[in-house]
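Visitor: I am new to this structure. Please pick one part and take me through it closely.

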Amino acid sequence: MPVPLWASGHTGHDGHEEAVGIARAFAGNPSLVVADEPVSALDVSVAAAVTGLLMDIQRQYRTTLLFISHDLSLVRYLADRVVVMYLGNIVEQGTTDDVFAPPYHPYTEALLSAVPIADTSIEKKRIILEGVLPSVVNPPKGCPFNTRCPRKIGDICETEKPPEIEASPGHTIACHIPLADLEAVEPVIVQVDKDGSTPPPEPARENAAE
Ligand code: SF4
(Lines give C-alpha, C1' and ligand atoms only; values in the text may rest on other atoms or scores of the structure.)
Protein backbone atom coordinates (compact mmCIF):
# COMPACT_ATOMS: atom_id res chain seq x y z
CA MET A 1 0.00 0.00 0.00
CA PRO A 2 1.43 3.46 -0.90
CA VAL A 3 2.73 5.47 2.06
CA PRO A 4 2.42 9.28 1.78
CA LEU A 5 5.26 11.56 2.85
CA TRP A 6 4.18 15.20 2.98
CA ALA A 7 5.94 18.43 3.75
CA SER A 8 5.12 19.65 7.23
CA GLY A 9 4.37 23.20 6.07
CA HIS A 10 6.56 24.71 8.84
CA THR A 11 9.39 27.01 7.84
CA GLY A 12 12.93 27.55 9.04
CA HIS A 13 13.21 24.49 11.30
CA ASP A 14 15.95 21.91 11.45
CA GLY A 15 14.39 19.15 9.35
CA HIS A 16 13.87 16.85 12.33
CA GLU A 17 10.18 16.34 11.53
CA GLU A 18 10.98 15.48 7.90
CA ALA A 19 13.71 13.01 8.96
CA VAL A 20 11.27 11.29 11.32
CA GLY A 21 8.61 11.31 8.60
CA ILE A 22 11.03 9.67 6.14
CA ALA A 23 12.00 7.00 8.65
CA ARG A 24 8.33 6.25 9.35
CA ALA A 25 7.43 6.18 5.66
CA PHE A 26 10.07 3.55 4.90
CA ALA A 27 9.66 1.57 8.14
CA GLY A 28 7.18 -0.95 6.73
CA ASN A 29 9.31 -1.51 3.61
CA PRO A 30 6.54 -0.22 1.28
CA SER A 31 6.70 -0.74 -2.48
CA LEU A 32 5.95 2.96 -3.13
CA VAL A 33 6.59 6.15 -1.15
CA VAL A 34 4.93 9.39 -2.29
CA ALA A 35 7.03 12.43 -1.32
CA ASP A 36 4.98 15.57 -1.97
CA GLU A 37 7.27 18.63 -1.73
CA PRO A 38 9.07 17.03 1.25
CA VAL A 39 11.78 19.70 1.61
CA SER A 40 10.09 22.80 0.18
CA ALA A 41 9.69 24.40 3.63
CA LEU A 42 13.32 23.87 4.68
CA ASP A 43 16.44 26.05 4.51
CA VAL A 44 18.82 25.07 1.68
CA SER A 45 21.42 23.27 3.81
CA VAL A 46 18.80 21.36 5.83
CA ALA A 47 16.93 20.50 2.63
CA ALA A 48 20.16 19.06 1.17
CA ALA A 49 20.69 16.90 4.27
CA VAL A 50 17.09 15.65 4.28
CA THR A 51 17.24 14.95 0.53
CA GLY A 52 20.46 12.96 1.02
CA LEU A 53 18.78 10.96 3.79
CA LEU A 54 15.77 10.30 1.58
CA MET A 55 17.99 9.02 -1.24
CA ASP A 56 20.13 6.86 1.06
CA ILE A 57 17.07 5.13 2.53
CA GLN A 58 15.41 4.80 -0.88
CA ARG A 59 18.51 3.06 -2.27
CA GLN A 60 18.78 0.84 0.78
CA TYR A 61 15.16 -0.32 0.58
CA ARG A 62 15.02 -0.16 -3.26
CA THR A 63 11.60 1.47 -2.94
CA THR A 64 9.91 3.29 -5.81
CA LEU A 65 9.85 6.98 -4.88
CA LEU A 66 7.25 9.28 -6.45
CA PHE A 67 8.76 12.71 -5.83
CA ILE A 68 6.48 15.72 -6.41
CA SER A 69 8.28 19.06 -6.62
CA HIS A 70 8.47 22.46 -8.29
CA ASP A 71 12.25 22.50 -7.69
CA LEU A 72 13.68 21.28 -11.00
CA SER A 73 17.29 21.28 -9.77
CA LEU A 74 16.22 18.79 -7.12
CA VAL A 75 14.25 16.76 -9.67
CA ARG A 76 17.34 16.67 -11.92
CA TYR A 77 19.38 15.34 -9.02
CA LEU A 78 16.88 12.75 -7.77
CA ALA A 79 14.81 11.42 -10.62
CA ASP A 80 15.30 8.69 -13.22
CA ARG A 81 12.06 9.59 -15.00
CA VAL A 82 10.21 12.91 -15.02
CA VAL A 83 6.55 13.71 -15.72
CA VAL A 84 5.81 17.41 -16.35
CA MET A 85 2.22 18.43 -15.59
CA TYR A 86 0.27 21.60 -16.31
CA LEU A 87 -3.28 22.08 -14.96
CA GLY A 88 -3.47 18.39 -14.21
CA ASN A 89 -2.42 17.37 -17.73
CA ILE A 90 0.76 15.49 -18.58
CA VAL A 91 2.52 17.70 -21.14
CA GLU A 92 5.85 15.88 -21.29
CA GLN A 93 7.43 12.75 -19.88
CA GLY A 94 10.64 10.83 -20.34
CA THR A 95 13.94 10.05 -18.71
CA THR A 96 15.54 12.91 -16.82
CA ASP A 97 18.09 13.38 -19.60
CA ASP A 98 15.29 13.51 -22.20
CA VAL A 99 13.28 16.14 -20.35
CA PHE A 100 16.21 18.38 -19.47
CA ALA A 101 17.42 18.72 -23.09
CA PRO A 102 15.65 19.73 -26.33
CA PRO A 103 13.21 18.92 -27.76
CA TYR A 104 11.14 20.31 -24.88
CA HIS A 105 7.49 21.06 -24.40
CA PRO A 106 7.15 24.90 -24.30
CA TYR A 107 6.08 24.69 -20.64
CA THR A 108 9.10 22.55 -19.72
CA GLU A 109 11.29 25.07 -21.53
CA ALA A 110 9.83 27.91 -19.41
CA LEU A 111 10.23 25.90 -16.20
CA LEU A 112 13.89 25.19 -16.96
CA SER A 113 14.52 28.85 -17.65
CA ALA A 114 13.39 29.64 -14.09
CA VAL A 115 15.84 27.26 -12.36
CA PRO A 116 18.25 29.33 -10.24
CA ILE A 117 21.89 28.57 -11.17
CA ALA A 118 24.82 30.12 -9.30
CA ASP A 119 27.52 28.63 -11.59
CA THR A 120 29.00 31.43 -13.73
CA SER A 121 30.03 28.94 -16.43
CA ILE A 122 26.35 28.28 -17.14
CA GLU A 123 24.29 30.51 -19.42
CA LYS A 124 20.53 30.40 -19.25
CA LYS A 125 17.69 31.87 -21.29
CA ARG A 126 14.94 33.51 -19.24
CA ILE A 127 11.39 32.97 -20.41
CA ILE A 128 8.71 34.99 -18.63
CA LEU A 129 5.26 33.49 -18.90
CA GLU A 130 2.56 36.12 -19.31
CA GLY A 131 -1.15 35.81 -18.73
CA VAL A 132 -3.10 34.45 -15.81
CA LEU A 133 -2.95 30.83 -14.69
CA PRO A 134 -6.38 29.39 -15.65
CA SER A 135 -8.51 27.53 -13.13
CA VAL A 136 -7.97 23.79 -12.89
CA VAL A 137 -11.75 23.33 -12.67
CA ASN A 138 -12.30 25.35 -15.85
CA PRO A 139 -9.26 24.71 -18.03
CA PRO A 140 -8.92 26.23 -21.51
CA LYS A 141 -10.14 24.29 -24.54
CA GLY A 142 -7.55 22.74 -26.83
CA CYS A 143 -4.11 22.82 -25.30
CA PRO A 144 -4.26 23.59 -21.55
CA PHE A 145 -1.17 25.83 -21.91
CA ASN A 146 -2.54 27.93 -24.80
CA THR A 147 -3.36 31.03 -22.71
CA ARG A 148 0.28 31.47 -21.66
CA CYS A 149 2.34 29.64 -24.27
CA PRO A 150 5.07 31.84 -25.81
CA ARG A 151 5.28 29.44 -28.79
CA LYS A 152 1.55 29.20 -29.57
CA ILE A 153 1.17 28.53 -33.30
CA GLY A 154 -2.44 29.55 -33.91
CA ASP A 155 -6.12 28.73 -33.48
CA ILE A 156 -5.45 25.01 -33.48
CA CYS A 157 -3.92 25.43 -30.01
CA GLU A 158 -7.26 26.81 -28.75
CA THR A 159 -9.51 24.26 -30.38
CA GLU A 160 -7.77 20.89 -30.57
CA LYS A 161 -6.10 18.82 -27.90
CA PRO A 162 -2.46 18.49 -28.91
CA PRO A 163 -1.22 15.08 -30.04
CA GLU A 164 1.33 13.18 -28.01
CA ILE A 165 4.48 13.33 -30.10
CA GLU A 166 7.04 10.59 -29.49
CA ALA A 167 10.34 12.47 -29.55
CA SER A 168 12.26 9.26 -28.78
CA PRO A 169 11.29 5.91 -27.26
CA GLY A 170 9.58 6.70 -23.95
CA HIS A 171 9.87 10.49 -24.40
CA THR A 172 6.55 12.14 -25.29
CA ILE A 173 5.56 15.79 -25.75
CA ALA A 174 1.92 16.94 -26.06
CA CYS A 175 2.09 19.83 -28.54
CA HIS A 176 0.91 20.92 -32.01
CA ILE A 177 4.40 22.13 -32.94
CA PRO A 178 6.05 19.65 -35.35
CA LEU A 179 8.83 17.61 -33.78
CA ALA A 180 11.44 19.01 -36.17
CA ASP A 181 10.66 22.55 -34.94
CA LEU A 182 10.82 21.49 -31.29
CA GLU A 183 14.16 19.84 -31.99
CA ALA A 184 15.49 23.06 -33.51
CA VAL A 185 14.99 25.00 -30.24
CA GLU A 186 18.23 26.15 -28.60
CA PRO A 187 18.89 24.59 -25.18
CA VAL A 188 17.72 26.80 -22.30
CA ILE A 189 20.76 25.99 -20.18
CA VAL A 190 24.23 25.79 -21.74
CA GLN A 191 27.70 25.41 -20.28
CA VAL A 192 30.07 28.07 -21.55
CA ASP A 193 33.88 27.76 -21.40
CA LYS A 194 35.91 30.59 -19.89
CA ASP A 195 36.80 31.76 -23.43
CA GLY A 196 33.07 32.16 -24.16
CA SER A 197 32.74 29.09 -26.38
CA THR A 198 30.15 26.38 -25.85
CA PRO A 199 31.67 22.93 -25.30
CA PRO A 200 30.12 19.87 -26.92
CA PRO A 201 27.27 18.26 -24.96
CA GLU A 202 28.24 15.78 -22.27
CA PRO A 203 27.38 12.12 -22.79
CA ALA A 204 24.12 11.00 -21.20
CA ARG A 205 24.34 10.16 -17.52
CA GLU A 206 24.00 6.53 -16.58
CA ASN A 207 22.22 7.29 -13.32
CA ALA A 208 20.09 10.39 -12.80
CA ALA A 209 20.83 10.39 -9.07
CA GLU A 210 24.60 10.62 -9.55
S1 SF4 B 1 -0.04 23.04 -28.43
FE2 SF4 B 1 0.18 25.20 -28.93
S3 SF4 B 1 -0.26 26.29 -27.03
FE4 SF4 B 1 0.11 24.15 -26.50
S5 SF4 B 1 2.26 24.04 -25.96
FE6 SF4 B 1 2.11 23.53 -28.12
S7 SF4 B 1 2.37 25.50 -29.21
FE8 SF4 B 1 1.94 25.96 -27.08
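Guide: Start at Tyr86, whose bridge partner in β5 is Asn89. The model is predicted: local features need pLDDT of at least 70, side-chain atom pairs count only at pLDDT 80 or more, and totals for chains, interfaces and linings use all residues. Residues are numbered from 1 along each chain as its sequence is written.

Tyr86 belongs to β4. Strands here are DSSP runs of E, at least two residues long, and helices are runs of H or I, at least four; both are numbered from the N terminus. β4 runs antiparallel to strand β5 (residues 89–95), and six bridges join them. Two strands count as paired if DSSP finds at least two bridges between them. Together β4 and β5 form a hairpin, with two residues between them. In that turn, Leu87 has a positive phi of about 50°.

Now look at the faces of β4. Val82, Val84 and Tyr86 make up the covered face. Arg81, Val83 and Met85 lie on the uncovered one. In a regular strand the side chains alternate between the two faces of the sheet.

Next, widen the view. The hairpin's strands belong to an open, antiparallel sheet of four, in the order β4-β5-β8-β7. β4 (81–86) and β7 (164–168) are at the edges with a single partner strand each, so one side of each lacks a neighbour in the sheet. From one strand to the next, the twist averages 25°; such angles run from 0 to 180 degrees between N-to-C directions, along axes fitted to C-alpha atoms. At the other end from β4, β7 pairs with strand β8 (residues 171–174) over four antiparallel bridges. There Glu164 stands opposite Ala174.

Back to Tyr86. Tyr107 touches it, along with Val84, Val91 and Phe145, leaving aside residues up to four places away in sequence. Contact means C-beta atoms, placed from the backbone, within 7 Å.

Tyr107 also leads to the largest nonpolar core, which has 33 residues; Val91, Tyr107 and Phe145 have the most contacts inside it. Such a core is a set of buried Ala, Val, Leu, Ile, Met, Phe, Trp, Tyr and Cys residues joined through C-beta atoms within 7 Å. Buried means 20 or more other C-beta atoms within 10 Å of a residue's own; exposed means 12 or fewer, and partly exposed is in between. Elements supplying at least two residues each include β4, α5 (106–113) and β8. α5 gives the most, with four. Domain 1 (1–69) and domain 2 (80–210) each provide at least three residues of this core; these bounds come from an automatic or database domain assignment.

Notes:
Contact = placed C-beta atoms within 7 Å.
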